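Please open the structure in your viewer and keep the selection tool at hand, and the tour below will suggest what to pick at each stop.

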Amino acid sequence: MSGDRPTAAMRQVSWAWVGLIALAAAAILIPLMFGGVAQLNLLVLVLLYSSLAQAWNILGGFAGQVSLGNAAFFGIGAYTSTMMLIEWNLSPWLGMIAGAVLAAVFAVIIGYPVFRLGGHYFAIATIALGEIMLIMFANWGFVGGAVGLSIPFIRGEDRRPADSWLFMQFNLNREGYLIIGIALAALVTVIAILIQRSKIGYYLRAIKNDELAARTLGVNVLRYKLIAIVISAALTAMLGTFYAQYLLFIDPETTMRLELSVLIALVAILGGVGTVAGPLIGAAVLIPLSELTRSALGGAGNTLDLVLYGGLIIIISVFQPNGLVALTRRGGKGRSTALPTDRQEAMAEEAPLLGGGDGR
Amino acid sequence: MDVLLQAIASGLLIGMVYALISVGLTLIFGLMEIVNFAHGEFLMLAMYAAFWGSLLFGLDPMVSLPATVLALAALGVLTYYGIIARILKAPMLAQIFATFGLGLLLRGLAQFFWTANFRTVPDSFLAGLFGGTVRVGAVSLGVPQIAAALLAGLAFAGLYLFIRHTRTGLALQAVAEDRGTAALMGINSDRMFALGWGLGAGCVGIAGAVLASFYYIYPSVGVLFALIAYIVVALGGFGSVPGALVAGLLVGLVEVVSPTLFGFSPAYKYAVVFGLYLVVVLIRPRGLFGQF
């Protein structure tokens, strides 16, 4: 490994992975064009969760601010576009932009106070915010309360459900969803790569490794944390709109529950936090596994899928605490020097009580 | 006025239970800075232990309480040696998700073996004691709730005396303070950590046994209790035992009193509790009594 010069190696690693994954995606996609609905659904879910995890990664991975409330942004996106569509018959594409803007504003409003908190206090605060949003929406009659909202079908001239790019709805040829999913995943990935390679990315990593040191060196810590949360929130909200259009039904439980926030973080963590390839790998492994175990073992109240899923999470946390992406780097030495995430691990080894340098 | 008094009394009683559930979490965090995200599932298992004791052996949850506490303590120690000891040096995120995975696993197993049905312990001793309710002036309180609060108080007192006034308790404090120096004094931190997990899970065992006397028992019963426990622990300050007590009472009080006092729907009560946490940590970023 390249040892003490991590940045060049890092770029190579992430680009190599992006290339590999693009190839793998193409290999799956081409046969899929002739494949079934179940495979398409699985692929859309993988794309959705990898994008959600990538957006989470910008704040949670690069900047080290662990959010367990990202579902709130997701819900804002889903509800904004859906309400604009139902109330004013506006295209979800406009709703997607409006949702992203709203989520960004919301992110700034909560970010200002909450970013003063360190480590676990921050994580619990994001849980609290997410739960407050869930309770508010579940009791807000205007947006359908706990019952939720259904998005009306686009209908063709024969009054049957139809497809429309303008209204982001594909009832006949569901490949439209796949194309939008790929486009969104590409957008999120490119933004993550740009951030990682830019000045902002270096500042975020400095904040993650040692907030006090970063501040001492003149990094405007609050400003860069806010930039990270705004980008993360806006992208998450856009994916929320896509999800609403994909399911054509939303309620507070499916769009804002805590389990969703946790799953988003989990995908990134299993893949490898703070790397661009991590969320892609995490989603490509975790989502098919979860769907397959559910269809093979689940059903009729059987929860063996949960058991397997939980067991797998424990095994990976214990034996591969830096995520699956670490598997691609050989040997213990490389693992502890190649990436900024691993510096955190090295710090934790030197001073266990720091518990992973969460920037206090 | 009577309504308010009633709400305050009920709030304090449930607050004691919250405090008891939370103290295990905060104890473990104080020792090794790990949040146990399977805490709610530990509570769920304790409640099921009481339930099965009653159904299979005809033992009242109060009679089987010692066994439940021991079983939970064993589970805590097992969790420490099986999982936690291996991830002490792992990044914080891996630690969070290891215990989260354990929670999923336990919840899945519970639902697989025991179904998702809601269960109750029929004719529990506490529910029948003194006809089930006690009236003090205009305030009427459930006997099981009073007993739960009293037991929680006893457990707190016991825990406090143990930590403050026994050699082992002092060793626990030493390890929490500084692992390295404690090791130089000949304290085996590994055993202290295991003890911490045993104690923490044991406290949940008490809470579970009491709750089983008057609460529904189902595989995801721990989820809401755990969520409240995280808020309580963070509100009181991670690692602070007195903090857990004060914050538990405060959360119970706010949860029950605020809808009565301000006249909004109880549906919003948890939103107020979470809001309270945000307000407190914005003023005191390390909770009420936190050092971490």
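Begin by selecting chain B and showing its surface: the accessible area (Shrake-Rupley method, 1.4 Å probe) comes to about 11,500 Å², and 69% of this belongs to carbon and sulfur atoms. This is a predicted model, in which local features need pLDDT of at least 70, side-chain atom pairs count only at pLDDT 80 or more, and totals for chains, interfaces and linings use all residues. Residues are numbered from 1 along each chain as its sequence is written, chains are lettered from A and ligands numbered from 1 in the order in which they are written, and side-chain values use heavy atoms, with hydrogens and water left out.

Still on chain B, colour by secondary structure, where twelve helices and two strands appear (DSSP runs, H or I of at least four residues for helices and E of at least two for strands, numbered from the N terminus). Of the 292 residues in chain B, 57% are buried, meaning under 20% relative accessible area with a 1.4 Å probe, protein chains only.

Next, select R257(A), L258(A), E259(A), L260(A) and R107(B), which lie nearest the centre of the largest pocket among its 32 lining residues. A pocket here is an open set of points on a 1 Å grid over the protein atoms alone, where a 1.4 Å probe fits and protein lies on both sides within 12 Å along at least five of seven lines, and lining residues have an atom within 4 Å of a point. Adding α11(A) shows the helix that gives the most to this lining, with six residues.

Conventions
Buried means under 20% relative accessible area, exposed over 50%, partly exposed in between (1.4 Å probe, protein chains only).
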